[in-house]
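This report describes the chains of the model shown below, together with one of the contacts between them. It proceeds chain by chain and ends with the confidence scores.

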Amino acid sequence: MSVVAAAPARENLRRTWYAFSRNGGSVFGLGVVVVVVLLTALAPWVTPFPQHARAFTDFEHASLPPGGPHLFGTDTIGRDILTRVVFGYRFSLLLGLVVLSAAVPTGVVLGLLAGYYRGWPETVIMRVTDVFLSIPPLALALAIMAVLEPNLQNAMLAVSVMWWPWYTRLVYGLVSSLRNEGYVQAAQIVGASPAHILLREILPNCLPAILTKMTLDMAFVILIGSSLSFLGLGVQPPDPDLGTMVADGAKYMPDLWWVPVFPGLAILVIVLGFNLLGDGLRDIFGVEV
Amino acid sequence: MSEPLLRLVDVVKHFPIRTGFLMRQVGVIKAVDGVSFALHPGETFGLVGESGSGKTTLAMTLLGAYRPTAGSMWFRGYDIADPAVRRGVPAIKKAIQVVFQDPGSSLNPRRTVRQTLEVPLRVHGLVHTSAEAQRRITELLEMVELPPEFMYAFPHALSGGQKQRVAIARALATEPSFVVLDEPTSALDVSVQGKIIALLVDLQRRLNLTYLFITHDLSLMRNVATRVAVMYLGKLAELAATPALFSAPRHPYTRMLLSAIPVVSEEEERLKPRWIVPRGETPSPARVPPGCSFHPRCPDAFDVCPRLDPVTAAVDGDHRVRCHLYPGCTPAEGTDAAPAWR
Amino acid sequence: MLLDIRDLHVSFTGYRGHSRVLNGVNLTVGRGEKVGLVGETGCGKSLTVRAVLGLLQPPRARIRGEIWFAGRNLLALPPGELQQIRGREIAMIFQDPMAALNPVFTVGDQLLDIIARRPGGRPSGRAAWARAVDILKEVALPDPDRIMRAYPVQLSGGMRQRVLIAMALVNEPALVIADEPGTALDVTIQEQILQVMRALVDAKRTSVLLITHNLGVVRQTTDRVYVMYAGSIAETAPTADLFSAPKHPYTQGLLASVPKLTGEGVPRGIDGMIPDYLNPPPGCRFAPRCQFAQPRCQQPPPWVRVGADHDVACVLYDTAPAVTRP
């Protein structure tokens, strides 16, 4: 008889890590994400000038180039850019978290229902989803923000509203094929309830794809959030936000180059991190996302 | 002759073909188109057919996964074609179970063996505590000759034969009397197949099970089934006791099937009909040919075959066939062909 | 000898360690010969094919040995040259036609694409089309012009498999490797496919290496058979001899496991399981499951000639004169 591992779940985890760690890029992405998340969580304690993240002016130390106590330099009203970048990450990650927390459960539930129950629930849900999916995300977000007061909460609302259909589409596709799997039919024949089948048989098999998409989406949401702030529609001053910082600093290029460049690089780094991590997940899970 | 365990009467299952933005119906797939037979307790009833024959759809309809479009299925005095009956009598779901073909997909890859086996036990309230579940699952694993540690394993750690044993254990969890075996060994190597079949035969004897055995492997069928039914495009072509079907096949389709079996010895070559070159391939059940659905491919087709659908008749005691070549199968033209089958 | 695999060893470094899968495979295919490679799941037959086609990636796969094809060692060739051989002189017929055919191109597009890569330059448009239609007729496909314009998804399984055969044979390769052709198909269609393949191959004097686990198919389609177990060849013989007088205990067990039309009951199968390649048994890898196992089986088994072209890797026959296998 074959050797059955003593703790199969842990064994699975180790195998997954082995496959994941084959790819240097994925490990790098994971590292970047972990470091950024930690820094952000501990922002008040790890940044040199946490008070600069709020309303603060110090014209004596304004527009200093990178060096000395200000690793990334200071902006035109004297705030330390490094600190503001780290605090800016907070808003980016918060946006991502909130949007996904709202969009993913909604989208997944609708996808499960549409994929499992054929007939008109499927038609209604999927046609609505199609409508949403046909509009470019940024355009839709802009349209929504045009009627709402520009602030972080409304930005989160706008992005959430147009994010859930992607998950519905993803899960719908998965459920449509999974419902024909032997174990689903076996559960049906035995008489298991639809709730059991959807939640305990089908959903666990959708999780790899959902998790991969969530990871890649974090990158995309952060980008969209930054774009909205860049356009003045998201986080409002004096709260630090990477997009706003880039927008404000852009007019000082190329003299005070550090003012927009570091926030821009920060966006690049976190987006790259999530993308690499998501790619790595996609490779090991073998999903098509 | 004992009372049949299961009696199918003119079971029909059609699927509508829907297309377009609003999913309008444009055609129908006649997966099962009027099947009748009876199963006796303790027997192994073989069902054979190629793709498009409807054998899997028929099995699924029996199991309640599909509701028949027409016809009735009598099991212990209940008509299980009626979903209300199935819902109302939980004993039916417990009594009829299934083992699927592909062990790779019949077990949920994200659930351990224990979790998979617990599902039928919990759904039917056969265990109430975790300890009870543990005990019963250990028993089930023993019945299929697997050590209890296996309950903690995920399917990917098991071999094909082991996975299939787990699938059998799942089928036995509700103490069924009737088990549908849909290609239970087709995905397994031949050296493993024998052991699984031996296990199934042993379980049948010990637990008084009746089997509906579906396979495309006719050599296997020859050794496993007591009676064999041959299906083509949703209808029965022939039904007979196993030795009779193999030594004296009547229907041209049966002969075509038998002649195509790849055998491994000269002795067996002599036992099968000469190779009959099939014309074309099985048409789709969405476009069933008129008259006898086999006529476009039949080497013995003649004038009445494209016009009239034959009915089933007995040719030799219990040997039944549905083909115009045989007396009793051709209804008088112009009259409604009432199936002479019970 | 067209194809001569000598002492092929392939191992992998994976999650749990080092798997020594192929353990000294020796196999030959002569010109115009139809050779079967039979074995069960996990025996390494697909791996052998991948080694021949150059599809194994070092450093994860460690390969030792030689694969001689038409006078060249494939394992020593640079990738560019290997690619020339693949597809032109060695063609492959895959198991699952739907996976091997590109769904977004018509059959004609795909077939013409292959014809364009003939050695000797691409034929003109009209000549190429005619050639494509010809090969489709040779695989007994009705209405070849319609098939040329069809997409794979519009064809039935049997037709797709025949298209695959056509695609493999259109450039008249020296060797065709067929991996379980017809397994996914109904038995009547499978029989048709095999007949078509046999006829075509005989007409063109192409060599065939047929990989399968179905003994009945091998018996009807090949001239010579290799039986593979756990990474090495257990027995090889002309087909008729292998089936009438199998010598290796594994071959005997395998043949005994096949249900017979004579209705003797379901055979018992072979007890035990294939070895763990991470920790394979020393010597003969079948010994743990063999009813004739002896202490000598802990040593690598001798390769013994027991009949005309009939060799076995088993100590039971060691009294016969040994054949030194290079």
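## Chain A

The model is predicted. Read from the N terminus, the secondary structure of chain A runs α-α-α-α-α-α-α-α-α-α-α-α. This amounts to twelve helices and zero strands.

The C-alpha trace of chain A extends over about 75 × 50 × 25 Å along its principal axes. Of the 289 residues in chain A, 40% are buried. When contacts in this chain are restricted to residues at least 6 apart in sequence, 69% of them connect residues at least 24 apart.

## Chain B: overall form

Chain B contains twelve helices and twelve strands. Its radius of gyration is 21 Å, close to the 20 Å given by the globule rule for 342 residues, so chain B is as compact as a globular protein of that length. Taken along the principal axes, the box filled by the C-alpha atoms of chain B is roughly 70 × 55 × 50 Å.

Half of this chain is interior by the burial count: 50% of the 342 residues in chain B are buried. Among contacts in chain B with a separation of 6 or more, 61% are between residues 24 or more positions apart.

## Helix α1 of chain B

Helix α1 of chain B covers residues 55-63 and is mostly covered, with eight of its nine residues buried. The buried residues of α1(B) are Lys55(B), Thr57(B), Leu58(B), Ala59(B), Met60(B), Thr61(B), Leu62(B) and Leu63(B). Just after α1(B) comes Gly64(B), which adopts a positive phi of about 95°.

## Contact between chains B and C

Chain B contributes 36 residues to its contact with chain C, and chain C contributes 35 residues. On the side of chain B that touches chain C, at least two residues come from each of α8 (190-207), α9 (218-224), α10 (242-247), α11 (252-259) and α12 (266-271) of chain B. Helix α8(B) provides the largest share of that side, nine residues.

Sorted by class, the side of chain B that touches chain C comprises 18 nonpolar, ten polar and eight charged residues.

## A sheet in chain C

Chain C holds an open sheet of four strands in the order β2-β1-β4-β5, with antiparallel pairing. Its edge strands are β2 (17-29) and β5 (72-73) of chain C, each of which pairs on one side only. As a general point, strands of a sheet pair through backbone hydrogen bonds, in either a parallel or an antiparallel sense.

Within this sheet, strand β1 of chain C (residues 3-14) and β2(C) are joined by ten bridges in the antiparallel sense. Gly14(C) lies opposite Gly17(C), a residue of β2(C).

## Confidence

The mean pLDDT of chain C is 86, and 97% of the residues in this chain score at least 70. Among the elements of chain C, strand β9 (residues 224-229) has the highest mean pLDDT, 95, whereas helix α3 (residues 97-100) has the lowest, 79. Where pLDDT is low, predicted coordinates should not be read in detail.

For the model, the ipTM is 0.83 and the pTM is 0.85.

Key:
Residues are numbered from 1 along each chain as its sequence is written. Chains are lettered from A and ligands numbered from 1 in the order in which they are written. This is a predicted model: local features need pLDDT of at least 70, side-chain atom pairs count only at pLDDT 80 or more; totals for chains, interfaces and linings use all residues. A residue is buried if 20 or more other C-beta atoms lie within 10 Å of its own, exposed if 12 or fewer, and partly exposed in between; C-beta atoms are placed from the backbone. Two residues are in contact if their C-beta atoms, placed from the backbone, lie within 7 Å. Two strands pair if DSSP finds at least two bridges between them. Ala, Val, Leu, Ile, Met, Phe, Trp, Tyr, Cys and Pro count as nonpolar, Asp, Glu, Lys and Arg as charged, and the others, Gly among them, as polar. The radius of gyration is taken over C-alpha atoms; the globule rule is 2.2 Å times the number of residues to the power 0.38. pLDDT is the predictor's confidence in each residue, from 0 to 100.
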